[in-house]
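Please lead me through this structure, beginning with its pockets and then turning to one of its helices.

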Amino acid sequence: MPKAAVIYEKGSPEVFKWEDVDLPNPREGEVLIKNTAIGVNYIDTYHRRGMPHPWPVPPLPVILGIEGVGLVDHLGPKVNQFKEGDRVAYALPPHGAYSEKRIYPVNKLLKVPDSLNNFSDEDLAALMLKGLTAQFLLKRTYKVTSGDVVLIHAAAGGMGLILCQWAKELGATIVGTVSSEEKAEQARLAGADYTVIHSKGDFVKTVLDVTNGVGCPIVYESIGKDTFKKSMECLRPMGILASYGHASGAPDPVDVIELGTRGSLFLTRPAIMHYMDKREDLVKSAEDLFEILETGKIKANVNQILPLYEVGKAHKAIEERKTIGATVLVP
């Protein structure tokens, strides 16, 4: 019987219980996956705490986690897109990744191409959700082109480092915010042209200096309450504030009139579950991600690998901002 990290109540990282779980056989349109590496994302801490978020979480008790890499262990009836033993990856709900084995729908599952055989399962588990999110943020929420100045918050986090690397490859000039000099160095290595340490600098001033007072076309806002209003000050007229996370808490409400007085700004709360809702969009985005991974221009930056039963420890480190890059769990 496989084991999983189950929660029976929302709360602190200590709520996880490591225990046996009884899995049913996969139904039509499903497969049983033996997880080999599981990605941990800041969004997982929202789900554990019960914070508001666009992604639905099943009723308690629940096994969290939405990103993983593994092998197809068993096929449900009439499943012919995959075969047993296939190396696969996923980065969309339903929850259930924090488990040695799990059931998953084939319409959201991706086969890892042979061209990525040089990538470890741990690296891929760190790249799927963040990589697909970076893909739509950089190419669909706003199409970044050469010469654009972009502001990336939490630039040394697992998500921020991928955004920096990919935005640099697209020719952008990057202003990245971080919480320490060590993280500033990591952001610079990933492509950030300018780094601002929150406790020492003013990212609004930096953006305006770099853009000669015009402002940038897009802000990738993942911090929330502590930076949201100032992020709006960084935008040029008709710029886009892409608020895809809120690590410091939900931002204060925005008066729609303010969007007009600040220059006809656009505000969006992009979520992968909507951008990848159609199978064709998921496949196209994944192909784009796999293509750039093959070039070696995006690194996984896995700096924390923990056994799955220590998922609470992983959550605690992420919430306390003690991590650089990605965190991965191994069953």
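In this predicted model, the lining of the largest pocket consists of 11 nonpolar, 4 polar and 5 charged residues. The pocket has a volume of about 350 Å³. Its lining is made up of 20 residues, and those nearest the centre are P94, H95, G96, R102 and I103. Two elements each give two or more residues to this lining, namely β4 (62-63) and β7 (101-105). The largest share comes from β7, which supplies 5 residues.

The second largest pocket has a volume of about 150 Å³. Its lining divides into 5 nonpolar, 1 polar and 4 charged residues. Among the residues that line the second largest pocket are L92, P93, N107 and K108, together with M273, M276, D277, K278, R279 and L282 from later in the sequence.

The helix to consider next is α5, which spans residues 203-210. Which of its residues are buried? They are F203, V204, T206 and V207. Viewed down the axis of α5, these buried residues fall within an arc of 165°, and they therefore line one face of the helix. The cover over them includes the strands β9 (149-152), β10 (173-178), β11 (194-197) and β12 (216-221), as well as the helix α6 (228-233).

Both ends of α5 merit a closer look. At the N-terminal end, D202 acts as a cap, with a side-chain oxygen 3.0 Å from the backbone nitrogen of V204. V204 is also one of the buried residues of the helix. Just after α5, N212 adopts a positive phi of about 55°.

Methods. Residues numbered from 1 in each chain as written. Predicted model: local features only at pLDDT ≥ 70, side-chain atom pairs only at ≥ 80, totals over all residues. Heavy atoms only, no water. 1 Å grid on protein atoms, 1.4 Å probe; cavity = no way out; pocket = protein on both sides within 12 Å on 5 of 7 lines; lining within 4 Å. Points joined across faces, edges and corners; volume = space filled by probe spheres on them. Helix = DSSP H or I, 4+ residues; strand = E, 2+ residues; numbered from the N terminus. Nonpolar A, V, L, I, M, F, W, Y, C, P; charged D, E, K, R; others polar. Buried < 20%, exposed > 50% of the residue type's maximum accessible area, 1.4 Å probe, protein only. Arc of directions from axis to C-beta. Contact = heavy atoms within 4.5 Å. Polar contact = N/O pair within 3.5 Å; in protein donor to acceptor, adjacent residues only side chain to side chain.
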